[in-house]
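Reader: Please take me through this model one element at a time. I would like each answer to end on the value or name I ask for.

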Amino acid sequence: MTGTGRGRRKPSARSDDSMLSELYTAIARARAVEDALAIYIRDHGFAGFWHPGKGQEAAAVGACAALRRDDYLFYQGRGVNWPLAKGMGLVPILGDLLGKTNGSTGGKGAGVPHWADPALGIMGEGATLGSVYHIAAGAALSAQMRGTDQVALADFGDGTAARGTFHETLLQAAVWRLPLIYFCENNGISVTTGFDEVSPTKSIAERAGAYGIPGEVVDGHDALAVHEAVAKAVSRARAGEGPSLIEAKVTRVGGHWEGDAQQYRSADYLADYRDPVEVMADRIDRALADRILADARDEVAAALAEVEAAPYPDPSLILKDVFA
């Protein structure tokens, strides 16, 4: 696995050894990006506000493995995990992070990147937390009205599930049977506040019952378990049976942002953590896993070097691609 990673075929919906290797490869690439960026920010600084997603890679990888290329992805999670898992190349991802012209938005999305690639169904990130729900619902309604069997997946965190938009769109999606999957990455901490401090329920998924749709909790450290849950929800959505709510229990290994002192975290927070890289590596040949991870690190290093060499956007282009 060499080169700059301009694009990758996402894992196919199989449960054989080939699929396990593909899932592991996707997780290894995501981890390699996380590790490389942590070092880069430490050594060079960073113009943006990086929200590390280390430890949560399996959620995005498993979910996207159950989607088709033309299915819609709306993410509100952390890190590069989602656009990378859906098939976007390393160069456009890293280009946006560093604000360079070879980013998916031409470097205009630097800071908190808004990666976008409509050809891959990646429609960009909502400008505010909680906006992902109604934008994804609109895409699902569009697919329903056009008579396609596309589905939309809305990724969000446990804290964002307290927003009114979550309940408003979930109600309407259930009534209209929209092909929409609500996918919650519950890492137990909303910025600095523990989930049990602000939620009367033990899970997000149990709220699905109030809207008459299925809700399921899954181990978010296990890409295969996530894939199986999302594949089931996708099948329901394509059959016209409406939305599902999936909650992946994950662990935020790093802080809310790179450099976060994390003084709010309990001493036993990492007690249930299972490294997604190791979980999948245990399912394939260990020597193969080591080679895949080493190749992923080389690939990320090459892509990062290519992005560093690219120019910044010309200020005269600031109004290009802006519409009213």
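Author: Two strands count as paired if DSSP finds at least two bridges between them. Strands (E, at least two residues) and helices (H or I, at least four) are DSSP runs, numbered from the N terminus. The model is predicted, so local features need pLDDT of at least 70 and side-chain atom pairs count only at pLDDT 80 or more, while totals for chains, interfaces and linings use all residues. Residues are numbered from 1 along each chain as its sequence is written, and side-chain values use heavy atoms, without hydrogens and water.

Reader: How many helices and strands does the secondary structure of the protein come to?

Author: The protein has 324 residues, and 53% of them are buried (under 20% relative accessible area with a 1.4 Å probe, protein chains only; over 50% is exposed, and in between is partly exposed). Its secondary structure comes to 10 helices and seven strands.

Reader: In what order do the five strands of the open sheet lie?

Author: The pairing in this sheet is parallel. Its edge strands are β1 (72-74) and β6, each of which pairs on one side only. From one strand to the next the twist averages 20 degrees (axes are lines fitted to C-alpha atoms, for helices over the stretch in contact, and angles between N-to-C directions run from 0 to 180 degrees). The open sheet has the order β1-β2-β3-β7-β6.

Reader: Which residue in β2 stands opposite Y72?

Author: β1 and strand β2 (residues 152-157) run parallel and are joined by three bridges. Opposite Y72 in β2 stands A152.

Reader: Which residue in β3 stands opposite D155?

Author: β2 and β3 pair in the parallel sense over six bridges. These two strands also belong, with α6, to a right-handed β-α-β unit (the path from the first strand over the helix to the second runs clockwise when the strands point away from the viewer). The residue in β3 opposite D155 is F183.

Reader: Which residues of β3 point the other way from L180, Y182, C184 and N186?

Author: In a regular strand the side chains alternate between the two faces of the sheet. Seven of the seven residues of β3 are buried, so this strand is largely enclosed by the rest of the structure. L180, Y182, C184 and N186 point one way, and the other way point I181, F183 and E185.

Reader: Which residue of β7 is the bridge partner of V218?

Author: Strand β7 (residues 244-249) has five of its six residues buried, so it is largely enclosed by the rest of the structure. Six bridges join it to strand β3 (residues 180-186) in parallel, with E185 opposite A248 and I181 opposite S244. Strand β6 (residues 215-219) is joined to β7 by five bridges, also running parallel. The β7 partner of V218 is A248.

Reader: Which helix makes a β-α-β unit with β6 and β7?

Author: The unit formed by these two strands and the helix is right-handed. The helix covers residues 223-238 and is α8.

Reader: What angle does helix α6 make with β3?

Author: Helix α2 (residues 57-64) packs on the sheet, in contact (heavy atoms within 4.5 Å) with β1, β2, β3 and β7, and its direction makes about 165 degrees with that of β3. Helix α6 (residues 164-176) lies across β2, β3 and β7, and its angle to β3 is about 145 degrees.

Reader: Which helix gives the most to the largest nonpolar core?

Author: A nonpolar core is a set of buried Ala, Val, Leu, Ile, Met, Phe, Trp, Tyr and Cys residues joined through side-chain atoms within 4.5 Å. The largest has 67 residues, and among those touching the most other members are Y24, W82 and F183. With 13 residues, the helix that gives the most to this core is α1 (residues 17-44).

Reader: What is the relative accessible area of R177?

Author: R177 is found in the loop between α6 and β3. Its phi is near 55 degrees, a positive value in a residue other than glycine. R177 is partly exposed, with a relative accessible area of 48%.

Reader: What distance separates the C-alpha atoms of A302 and L90?

Author: A302 is found in helix α10 (residues 286-309) and is partly exposed, with a relative accessible area of 32%. A302 and L90 are 212 residues apart along the chain, and their C-alpha atoms are separated by 9.5 Å.
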